[in-house]
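Reader: Hi! I have a model open here and would love a friendly walk through it. Can we start with the overall fold?

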Amino acid sequence: MLSHRWEKNEPLFQLVVHIAVYDLDQSPTHDKLQRFCRIVRDAGYNWAWSDTCCINKSDPFQLQEALVAMFKWYRGSALMIVFLRGICSSSQRGALARSIWNTRGWTLQEYIASKVIHFYTEDWTPYLNLELPNHKESPEIIWEMKRATGVSAQQLMELRPGLSSIREKLRLASTRQTTEVEDAAYSLLGIFSVTGISPVYGQDEHPLGHLLARVLTGSGDVSILAW
């Protein structure tokens, strides 16, 4: 599975369903998808998944299912590939902690959920030339993620879907940004295992409030409002 920051002109479901990935016109975002697929194939896997083109976002039912299930999907994936746009192969330790990827709302749950991760620079070389089978276990990555989140690796690993560690999850989410206002709430659906909230963009004025109401009702813990 791919973890990245969305960019302009990403290849969407409606495009990729009609054409082979490797036949896409040349562009930075098409190259990103193609290189990701090659890396997955070379790693010995038969399937690759990217949120840009593997979810039909024009289907509200499929979109809702995907938003809620995203955490479980990443948790169950054999490998997550992180693409670090803006970080070159010569970057030094600390670049990951300062990266755009580490500021985004959706990438928080992707990192927490995934068990095996490989980080790649924008020219598709392993970040810091790491050769470990799981970069998530690298001392360098652990140090940078602690620097970026203010939370130890052990604490991050202990976060689970559901209504545990609510205040910690909300604090972490509050340091992240989303392009769409609604995604500040929708990117947390899987982390809190919240259902019954239909993703609606441009119409719901208080999606985060609705999410917090569900979490409060489910947990009964009014102290979460002080996060």
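Author: Happy to. The protein has 10 helices and 3 strands, where helices (H or I, at least four residues) and strands (E, at least two) are DSSP runs numbered from the N terminus. This is a predicted model, in which local features need pLDDT of at least 70, side-chain atom pairs count only at pLDDT 80 or more, and totals for chains, interfaces and linings use all residues. Residues are numbered from 1 along each chain as its sequence is written, and side-chain values use heavy atoms, with hydrogens and water left out.

Reader: Thanks! What pattern does the protein follow along the sequence?

Author: Reading along the sequence gives β-α-α-α-β-α-β-α-α-α-α-α-α.

Reader: And how do the 3 strands come together?

Author: They form an open sheet in the order 1-2-3, with parallel pairing. Strand 1 (2-3) and strand 3 stand at the edges with a single partner strand each, so one side of each has no neighbour in the sheet. Two strands count as paired if DSSP finds at least two bridges between them.

Reader: How many bridges are there between strand 1 and strand 2?

Author: That pair has 2 bridges, in the parallel sense, and L2 stands opposite I81 of strand 2. Strand 2 (residues 80-84) also pairs with strand 3 in the parallel sense, over 5 bridges. There, M80 has I117 as its bridge partner.

Reader: Is strand 3 mostly covered or uncovered?

Author: Mostly covered: 5 of the 5 residues in strand 3 (residues 117-121) are buried, meaning under 20% relative accessible area, with exposed over 50% and partly exposed in between (1.4 Å probe, protein chains only). In a regular strand the side chains alternate between the two faces of the sheet. Here, I117, F119 and T121 are buried on one side of strand 3, and H118 and Y120 are buried on the other.

Reader: Nice. Which residues of helix 4 are buried?

Author: Helix 4 (residues 105-113) has 9 of its 9 residues buried. Those are G105, W106, T107, L108, Q109, E110, Y111, I112 and A113.

Reader: I112 rings a bell for L159. Where does L159 lie, and what is it in contact with?

Author: L159 lies in the loop between helix 6 (153-158) and helix 7 (166-174). Leaving aside neighbours within four places in sequence, L159 is in contact with R75, I112, S165, K169 and L172; contact means heavy atoms within 4.5 Å. L159 counts as buried because its relative accessibility is 5%. The C-alpha atoms of L159 and I191 are separated by 8.6 Å, with the two residues 32 apart along the chain.

Reader: Switching topic: what about K57, is it buried or exposed?

Author: In between: K57 is partly exposed, with a relative accessible area of 35%. K57 is found in the loop between helix 2 (28-42) and helix 3 (60-76). Beyond its neighbours within four places in sequence, K57 is in contact with W6, D51, T52 and L63.

Reader: Last one, zooming out. How does the radius of gyration fit with a compact globule?

Author: It agrees: the protein has 18 Å, and a compact globule with 227 residues would be near 17 Å. That radius is taken over C-alpha atoms, and the globule rule is 2.2 Å times the number of residues to the power 0.38. The C-alpha trace spans about 50 × 40 × 25 Å along its principal axes, and buried residues make up 46% of the 227 residues.
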